[in-house]
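Reader: I'd like to see how the labels attached to a model follow from its numbers. Could you walk me through a few?

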Amino acid sequence: MLQAINLTKRYEDGQLALDALNLEITQGEIFFLLGANGAGKTTTINLFLNFIEPTSGQALIDGVDVMKNPLETKRYVSYVSENVMLYGNFTARQNLDFFAKLGGKNHLTKQNYYDAMRNVGLQDDAFEKKLKTFSKGMRQKVGLAIAMIKDTSNILLDEPTSGLDPKSAAELMQLLMKLRDQGKSILMCTHDIFRAKTAADRVGIMKEGRLVMLRTREQFLQDDLERIYLDYMQESVMYAETVK
Amino acid sequence: MVWFIAKKEFRNNIVTPGFIVGLLLCLALIPYTVYTGIRTHTNRLAQYEVDIKTAEDIYMKAHTYAQVNPILVKPVSSLSIFSKGITEQTGSKVKLDRKEKPVFSTDIVSLNENPLMSKFMSMDFAMAIAILLSLLGILFSYDMLSREKEQGTLKLALSHPVSRSTFFLGKIAGIFLTLTPILVICFLVILLIIQLSPSVQFSSGDYGRIGALLLLSLIYFGFFVFLGGFISSRTKSSTASIILNLFIWCILLFLLPNTAAWFGKNISPTDDYRQVDFYTDQIDKQWWDVQAKEVEEILKNENLNLFGWAYCWDMDWDGAHATMFTPRESMEYERRKKELANPILLANCNKKWAIQSDYLQQIYRQEKTVRYLSCLSPAGILKLIATSLCRTGTDSEVHFMDQARQFQDMFYGYFVQNKIFSSYAYFTPQKESEFPNDWDESNEQAARWREEAKATSTFDFNSIAYQDTQSFPRFAYVQPTLGDDLFEQLYLIAGILIMCILLFWLSFMSFIKYDVR
């Protein structure tokens with residue numbers, strides 16, 4: 001379970017990146033955090049991963065405070081970034097092996113790695129190829145396989161579909177739903193409203209560091225999510241122009 | 001976990017172009033410098049054998065004690081194959097002369113420049129190590145953090161339950177691990193070259209020094225790894241990091257050591273050696289103008305007269321150093337002259353030393369200033385410690401010359417104590433009882449000797465017996481121990497260690513606070 005309690009981040013230059021975010025993503029839930037660039041989506045993920053320290057508030061993973069026990073909370077969470085690069089001189093399997101062991105999984109076999117890569121839809125002939133020969137979609141799949149092999153109860157994804165072809169993106173959504181069904185809490189930050197409509201259990205829209213809208217699946221399927229999102233974005237543009 | 005990350009770093013590094021280029025450069029340059037070092041060492045060793053033989057002959061083939069002017073030869077260090085130091089410019093032997101204490105070696109190349117200051121850019125193993133290890137240290141570490149950040153692996157790695165300190169230490173250990181195959185391969189090649197060179201023989205103490213040199217090289221490598229790591233954590237991109245690293249590398253490796261020599265010469269200037277020559281010449285002039293005449297006066301007052309020599313060779317300031325068949329009266333004149341002259345010459349020698357030592361202190365001071373300024377560069381420190389460990393540095397030269405002067409005091413002290421200057425054996429192989437009483441007897445003795453000895457010429461002295469010099473002091477150069485050398489270089493070792501620890505701490509703290517986003 002992922003929890004943000006009054007989570008606030010103000011950078012040294014005074015910019016308020018996150019303003020008292022309150023959020024709870026329960027077990028077996030996919031939460032889509034939508035918003036424009038700079039809305040605070042990635043800051044939220046960075047706070048959950050302890051890459052930055054909150055100005056105030058708490059980020060909890062499975063009830064454990066990220067600030068107080070960063071190493072423990074990292075055992076409970078996997079992370080897939082927007083642009084998975086990994087070690088180009090290593091094969092896909094070697095990358096998996098490195099990150100699995102980094103996550104404390106020391107007894108996995110080659111077969112485990114192959115299975116994980118198959119599960120994310122990677123072709124068998126790519127398993128022992130060097131990462132530097134992979135396309136972005138293939139690297140993204142390896143990134144997902146790394147998250148899967150870590151086998152945590154929580155998954156954080158930062159724009160994972162960006163740059164993926166529609167087929168790969170659809171496969172990713174299928175995989176996330178499968179993981180959700182296994183009881184995992186998934187927080188996905190994205191601009192992709194179409195994928196949100198497909199897979200999200202709840203959707204939140206962020207603007208200028210604040211969570212300005214929260215809808216359950218039933219609610220956003222009834223409403224026109226695209227219209228709501230665009231309205232918020234438009235408001236943001238109008239506001240920006242007024243300020244100018 | 002540190003070891004695990006280090007292994008990953010190692011596997012990742014050894015396939016990079018930097019590693020391959022580094023390995024090839026090391027393989028080309030390091031064995032080559034050792035090979036040329038061995039060639040120079042072999043030549044010097046051959047010269048050493050000749051010098052030692054000559055030095056021994058001086059004791060064994062002296063017809064008179066006055067002919068025993070020992071040559072002191074500095075042993076050739078096999079370790080010089082690793083660092084030439086100042087050996088090529090300072091010479092390696094000293095010929096003792098009771099009229100003057102040795103200031104520098106007899107075969108010194110030039111006194112125009114301070115001979116105790118080594119030329120920084122002379123290429124040898126130590127210099128190759130200084131260039132290559134620093135370059136490799138930077139190549140392996142300049143993108144230590146920035147590359148991980150650029151390729152997104154840093155965020156992914158730190159999203160796992162691994163602390164930043166563990167990750168950092170793993171990466172540092174991985175870089176050191178990457179150097180291992182390069183060192184091992186180079187070491188094996190060097191070992192092979194040494195095995196094929198019979199002139200190079202190491203004592204167990206030498207192996208200790210090689211071990212110390214290896215350890216020092218690793219500390220030096222560490223300095224540049226930490227420097228690269230620190231810059232990597234303070235720059236936004238790998239390109240900026242490599243540019244800054246190379247800029248600092250150029251300053252540390254080339255600019256600082258060379259400007260240190262220039263600044264040292266200006267901060268701590270020395271007199272011209274010709275000035276020293278001028279003042280010592282004054283003392284010599286005093287001998288010829290005053291003291292020698294006073295000696296003659298005393299001899300005259302004692303009614304001692306020189307009526308010439310029959311067979312005489314090796315003339316010196318106190319008269320003949322070898323004569324035979326000379327009538328008794330002239331022999332007594334010679335003996336008394338030497339008895340009177342030599343204490344004055346020895347006293348003059350001490351007077352000259354007061355001037356020479358003052359100059360030498362200036363030379364030492366200048367060398368020390370340059371040495372301290374060189375400490376600003378880790379390459380300068382490496383070179384100074386390496387020359388000390390290989391016994392080719394200033395300390396070794398100063399140590400040798402100090403011992404040579406001590407030996408000179410002891411040697412001529414022995415002459416004074418045993419009244420050798422007053423003895424007939426000092427200047428003639430003939431026994432006192434055999435001295436001719438007049439010139440007729442002198443001619444007779446000479447004719448008989450030529451006939452018996454079948455002398456091929458007037459000066460064929462091969463048949464003349466040599467003096468027994470067994471009891472004369474012999475020079476045995478006492479090498480400083482490894483402990484002595486390390487103790488003397490303690491401030492340099494401490495300096496480079498402190499720099500390393502400081503850079504490690506800075507890069508570590510910088511990484512702990514590194515913005516991984």
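Author: Happy to; what follows takes a pair of helices, a long run of residues and a chain contact in turn, all in a predicted model.

Reader: What makes helix 4 of chain B roughly antiparallel to helix 12 of chain B?

Author: The axes of helix 4 (residues 125-141) and helix 12 (residues 378-389) of chain B come within 10 Å and cross at roughly 150°. Angles over 145 degrees count as roughly antiparallel, so that label fits helix 4 and helix 12 of chain B. The crossing is right-handed.

Reader: Which residues make that contact, and what are their classes?

Author: Helix 4 of chain B brings B:Ala126, B:Ala130 and B:Ser134, and helix 12 of chain B brings B:Ala379, B:Leu382, B:Lys383 and B:Ala386. Five of these residues are nonpolar, one is polar and one is charged.

Reader: How do you know that the span of helix 2 of chain B is close to the expected one?

Author: Helix 2 (residues 17-60) of chain B has 44 residues, for which 64 Å is expected at 1.5 Å a residue; from first C-alpha to last, the helix reaches 63 Å.

Reader: Why is B:Ile30 called buried?

Author: Because a residue is buried if 20 or more other C-beta atoms lie within 10 Å of its own. B:Ile30 is among the buried residues of helix 2 of chain B, as are B:Phe19 and B:His41. Their cover includes helix 1, helix 4 and helix 7 (164-195) of chain B.

Reader: How many residues does each chain give to the contact between chain B and chain A?

Author: Chain B gives 18 residues and chain A gives 22. On the chain B side, the largest share, five residues, comes from helix 6.

How values were computed. Residues numbered from 1 in each chain as written. Chains lettered and ligands numbered in written order. Predicted model: local features only at pLDDT ≥ 70, side-chain atom pairs only at ≥ 80, totals over all residues. Axes fitted to C-alpha atoms, helices over the stretch in contact; angles between N-to-C directions. Helix = DSSP H or I, 4+ residues; strand = E, 2+ residues; numbered from the N terminus. Parallel < 35°, antiparallel > 145°, perpendicular 65-115°, else oblique. Left-handed = near helix turned anticlockwise from the far one by under 90°. Contact = placed C-beta atoms within 7 Å. Nonpolar A, V, L, I, M, F, W, Y, C, P; charged D, E, K, R; others polar. Expected span 1.5 Å × (residues − 1). Buried ≥ 20, exposed ≤ 12 C-beta atoms within 10 Å, placed from the backbone.
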